[in-house]
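Hi,

Here is the structure I promised to pass on. Have a look at it first, and then read on for what turned up.

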Amino acid sequence: MSESPLTPAYDPAPVEARWSSFWEQRGFFQVDPVREAAPYCIVIPPPNITGSLHLGHALNNTLQDVLIRWRRMCGDKALWIPGTDHAGIATQNVVERQLKAEKKHRDQLGRTAFIERVWQWRNESGRTIITQLKKLGASCDWSRERFTMDEGLSAAVREVFVRLYNDGLIYRGERLINWCPRCQTALSDIEVEHEETRGKMYRIKYPLADEADAFLTVATTRPETLLGDTAVAVHPDDPRFNRFIGKRVRLPLTSRTIPVVGDPILVDREFGTGAVKITPGHDFNDYEAGKRHQLPMLSLLDRRGLMTEPGLRLAHVLPDHQSTFTGKSALQARELIVPLLQNDGLLITIEDHRHAVGKCYRCKTAVEPRLSPQWFVKTNDPQQSLAAPAIEAVRSGRIRLIPEGWANNYFGWMEQIQDWCISRQIWWGHQIPAWYCKNCVTKSVSGTLSDQDLSFSDNISLEVTPLIQQDAPRSCPACGSQQFVQDPDVLDTWFSSALWPFSTLGWPERTNELAVFYPTSTLVTSFDILFFWVARMIMMGLYVMKEIPFRAVYIHALVRDAEGQKMSKSKGNVIDPLEIMSKYGTDALRFTLASMASPGRDIRLAEERIAGYRNFANKLWNAARFIQMNLDGPRDTAPPPARSLADRWILSRLQQCITETTTALERYRFDEAAQSLYQFMWHEYCDWYLELIKPALADASSPVAAATRQTLVESFEQLLRLLHPFMPFITEELWQAVPHHGQSVMVAPYPVANSALMDNTAEQQISLIQTIVTGVRDSRVTAGIAPGQKLEGTFFSTDQHTAQLVTQETIRKAIIQLARLSHWTVNPENRPTHAILIPLTLPDGQQADLMVQLPQDTTEIADYLAKELVKNQKELEKLAAQMARDEKTLSNAQFLAKAPPAEVEKIKARHQKSQLECRVLQEGLQRLKERSQGVS
Ligand SMILES: [Zn+2]
Ligand SMILES: [Zn+2]
């Protein structure tokens, strides 16, 4: 592309569209695995196909793209593998909602038609997120896009399942699991969210079976579950109750008596009534207690969370009450049981009580612990633990978690790890590769089963041995039948994503990609999926590949609103990244996110921040325009000593910026890298360098101008390369518009600091100039002198060297030019009169005096003061009006009663700030009045 003139203002949209397609067409994102170069690989955390780009994705993918673009420019074969996750329950919910709108249910469609419908939805809508990632500038190798349900990945899933099963690490068992009655599926522990809820505590009498008038009091938040109690526990060392151990109590509303057992784990003597009911079929702690005491386990609820007639019958609920409870949900049953207990004189008290309730993380329905047959991965088998090597990999530092503080969370969780419930009773997902012989199933399960019945895996008895293999078996080894039915359950969606780092590289095939890029380099993820995903990838990588899946895990924060609140649609505080991108440009959003990615748990994002970085992009654009306009004439690469002070200085600062940026990127300090680039571009390159070189450029034919033109272009072109990973679009546009070598900035080399260009002398001298010029500028503000007004400057230093320096031609000229002085005098015999004294601390720590003489000609200054007066007055009036409005609001009792406290606080804070500003303005106004009386 030619170096065509830039438009006066930066318009991001056309620029972004142009370069996106340019990069893709040239194949710059694609990686040849056999090319001679160091491998660098990131696998994307696959977004759900139900997703659309939110700020969390924007942050996550910006950081990955910064790393990939940086490593690519460093010469690595940098591969970023994209893809999406089928998101089992989430996707099934979306399609179920669509069906509901059509007044249909998935059962009417049947499994095959339903799955077809989900595929159809996925093909139409499931790639929205990919299009949006491309818009963000994500430089993934799109030719390698994967999907957790594509053919290759499904084969990997089946293969790993079979291996784990054959190694005895997958089993089917009846366990108490978390059950969502709405999704009608099992959930793993971490899919349950615990929410503090207002409830009640019921104290209930359990009369002793063979002692009249004696009873134990149990306290429970869920009285309806007592129908499933199989024991009461007391503490064996509790003198009040331990004499009851071994006796039996009558269970209210049933014809059963249940034993009293001693259990020091379940019963806390300090807390509650001293006696605890045990309901192993409906509570996790009780389930463990039930196993300790070999108690029977009763299950009262069906898959919809409703009490069943057979369950109630098995629990020996009194016949009258059986019909009362049949078909009732837990909540309904609770309301029904209270009056029944009261009638029998067994309810002692009901008190308000706050406690945590588990909710389904997908649909927020209260989760019921439920006994049901499920598939599990044995995570901590004593013979072949999956967890232990995964702990060791992090402890030994083979896998680095960044920031390191997360390692403790990781160890804490991994050391307590439970077996992973991997079966889900839904249709969308990887169906479990377990087959049952129809003939044998029918024989072992009483009665005959239709295919419809078999869709409820609860009905397949645990005694029936399935055949576990990748594909359907030919004939039953027991009876020879060729009729099989596949286990209807599907795998937890995290099962397939746990294989992501190697399945996306082609496993179980032995591909070049796998040989070159596994283990991958860095994983970039947020902390909320550390256990769902990261821990399981580590376990599966070590199990299947015998090698860690990645060397470093960078864990970033969550994006919250400016007040630190979670963004949510209901709060109305969501910032939509796509809107932001079209309003401020994608680069501004990316730079904002990178600059805020400091270690910590949340990022507080206000739209003003993004607007600020849009200005940064504009500044960069204007600098490029300035350069374009000053390129007429030869450019000459003079050896460093022959270059001007300003040139030597900016090159030295540039080396510093390169070092800082690179070091920061190596340490995953995206924020520090961004700040270093911002500081250099704005405050050094634009504020000082471009100003310093204006006189040299003005004489376009001089040899100095030729060298300066060269430095100007050279340093800017390098700055664009440094900035490219953060702001890919604008840097490409500008890079193409200034002199450069190569096809694209994205494949140009990342700058490397050149220590030969470091120049301490130049840095010290410019620093001295900056101190003096800033001193003069400050004095203008305090004295109310117009920025353009020429002033006389006088400088006093007792240090010979300093005095000599500031009289040197180059430095003198620079001070006069930048401070807008008419005269510059150093150490004269007499101190000037009518001058402001500014004491300076020079960069080397010495003290010096700067004096700025007020101008003789006062007309200009009077004009300026008059204008300032009017401006100040106007501002004051505006402020006063705002204050009056706020005062009125704050004295409105009705408003104060209704408004959210945060809003009231906001107004109060604004009012306080206005008061302060008002005082400052009034003082300034007073000074201006005094000054203008003095001049006119
Ligand atoms: Zn649910
Ligand atoms: Zn059979």
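To read the helix packing, take each axis as a line fitted to C-alpha atoms, for helices over the stretch in contact, with angles running from 0 to 180 degrees between N-to-C directions. Please keep in mind that this is a predicted model.

On that footing, helix H22 (residues 607-629) and helix H24 (residues 670-692) have axes that come within 11 Å and cross at roughly 40°. The two helices, H22 and H24, are therefore oblique to each other, and their crossing is left-handed. On the H22 side the contact involves residues including Tyr613, Phe616, Leu620 and Phe626, while H24 contributes, among others, Tyr678, Met681, Trp682 and Tyr685.

Now to the metals. The zinc ion (ligand 1) has Cys180, Cys183, Cys360 and Cys363 as its protein donors, each through SG, at 2.2 to 2.4 Å. Along the chain these donors follow the spacing C-x2-C-x176-C-x2-C. Angles of 104 to 115° among the four donor atoms make this site of ligand 1 tetrahedral. How exposed are two of these cysteines? Cys360 has a relative accessible area of 0%, so it is buried, whereas Cys363, at 22%, counts as partly exposed.

For the zinc ion (ligand 2), the protein donors are the SG atoms of Cys437, Cys440, Cys476 and Cys479, lying 2.2 to 2.3 Å away. Their spacing is C-x2-C-x35-C-x2-C, and the site of ligand 2 is tetrahedral, with angles of 101 to 114° among its four donor atoms. Both Cys437 and Cys440 are buried.

Happy browsing, and best wishes

Key: Residues numbered from 1 in each chain as written. Chains lettered and ligands numbered in written order. Predicted model: local features only at pLDDT ≥ 70, side-chain atom pairs only at ≥ 80, totals over all residues. Heavy atoms only, no water. Donors = N, O, S within 2.8 Å, 3.2 Å for Na, K, Ca; no water. Tetrahedral: all angles 85-135°; square planar, octahedral: opposite > 155°, others 65-115°. Buried < 20%, exposed > 50% of the residue type's maximum accessible area, 1.4 Å probe, protein only. Helix = DSSP H or I, 4+ residues; strand = E, 2+ residues; numbered from the N terminus. Parallel < 35°, antiparallel > 145°, perpendicular 65-115°, else oblique. Left-handed = near helix turned anticlockwise from the far one by under 90°. Contact = heavy atoms within 4.5 Å.
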